[in-house]
Amino acid sequence: MTDLPSAPHTLIVTGTDTEIGKTVFAAALAGALGAHYWKPVQAGVEPEDAFGETDALRVAGLAGLAREKILPEAYRLATPCSPHLAAEIDGVEIDPARLSLPSVSGPLVIEGAGGVHVPISRRETYADQFVRWGAPVILVARTQLGTINHTLLSLEALRARAIPVLGVAFVGEEVKDSEDIICAMSGAKRLGRLPRLDPLSPEALAAAFAANFNLEDFAP
């Protein structure tokens with residue numbers, strides 16, 4: 001598994017599934033790096049609703065980032081479903097040209113939607129977009145039952161496209177054997193594990209990230 005970043009100031013955060021803690025991890029990472037954050041496609045919010053609940057607003061609050069470091073989405077879609085279908089329902093087509101990497105000063109954290117093979121159109125998935133971006137991917141995986149299969153399949157899909165993988169970030173309670181076998185069988189680096197936080201606050205998230213991850217692993 002490749003671990004050398006081709007775009008060292010850009011990191012892509014994807015997941016093995018939806019609702020696994022990917023956005024919370026992305027917030028922790030962006031906050032720790034002082035990075036810009038970009039989620040290019042956001043579904044489940046009215047396009048004209050500037051104050052609708054979005055992952056970008058959630059990240060801004062959790063990471064303590066200045067608003068200018070939260071980049072606007074390329075597409076805001078109303079229906080909370082896969083981007084390809086949400087776009088069709090909204091009567092738009094997601095154009096890969098609008099998903100080109102933005103130019104920013106310093107690190108950039110990009111968050112995908114759901115997992116590696118979530119479709120952005122009837123022809124392409126996020127994996128195809130990752131190839132275009134050429135930046136290293138961090139795969140966020142839960143630690144619950146089923147994660148071994150989902151994580152290994154996701155890593156295999158990334159490897160098949162020669163997408164550089166920085167490593168795996170686990171989310172949840174410790175399940176040491178699952179974490180060990182995933183990294184042993186795939187060759188991917190274990191970056192750390194973010195525990196579930198209750199209550200979830202910017203201070204608790206920053207402390208948990210600092211205690212469980214090595215910031216040097218994410219450096220250029």
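In this predicted model, lysine 22 and glutamate 111 pair up through their side chains in a salt bridge, with N and O 2.9 Å apart. Lysine 22 sits in helix 1 (residues 22-33) while glutamate 111 belongs to strand 5 (residues 108-115), so this pair ties together parts that are 89 residues apart in sequence. Both ends of the bridge are tucked away from the surface: lysine 22 has a relative accessible area of 7%, which makes it buried because the cut-off is under 20%, and glutamate 111 is buried too, at 0%.

Another pair links arginine 193 with glutamate 179, and here the closest N and O atoms are 3.7 Å apart. That still counts as a salt bridge, because the rule asks for a nitrogen within 4 Å of a carboxyl oxygen. Arginine 193 is part of strand 8 (residues 190-194) and glutamate 179 is part of helix 6 (residues 176-186), so once again a helix and a strand get tied together, this time across 14 residues of sequence. Arginine 193 and glutamate 179 are both buried.

Back at lysine 22, there is a bit more going on: Lys22, Lys39, Asp55 and Glu111 are joined into one network by salt bridges that share partners.

Then there is the bridge between the side chains of glutamate 124 and arginine 132, at 2.5 Å from N to O. Arginine 132 has a relative accessibility of 43%, so it counts as partly exposed. Taken over the model, the tally comes to eleven salt bridges.

How values were computed
Residues numbered from 1 in each chain as written. Predicted model: local features only at pLDDT ≥ 70, side-chain atom pairs only at ≥ 80, totals over all residues. Heavy atoms only, no water. Helix = DSSP H or I, 4+ residues; strand = E, 2+ residues; numbered from the N terminus. Buried < 20%, exposed > 50% of the residue type's maximum accessible area, 1.4 Å probe, protein only.
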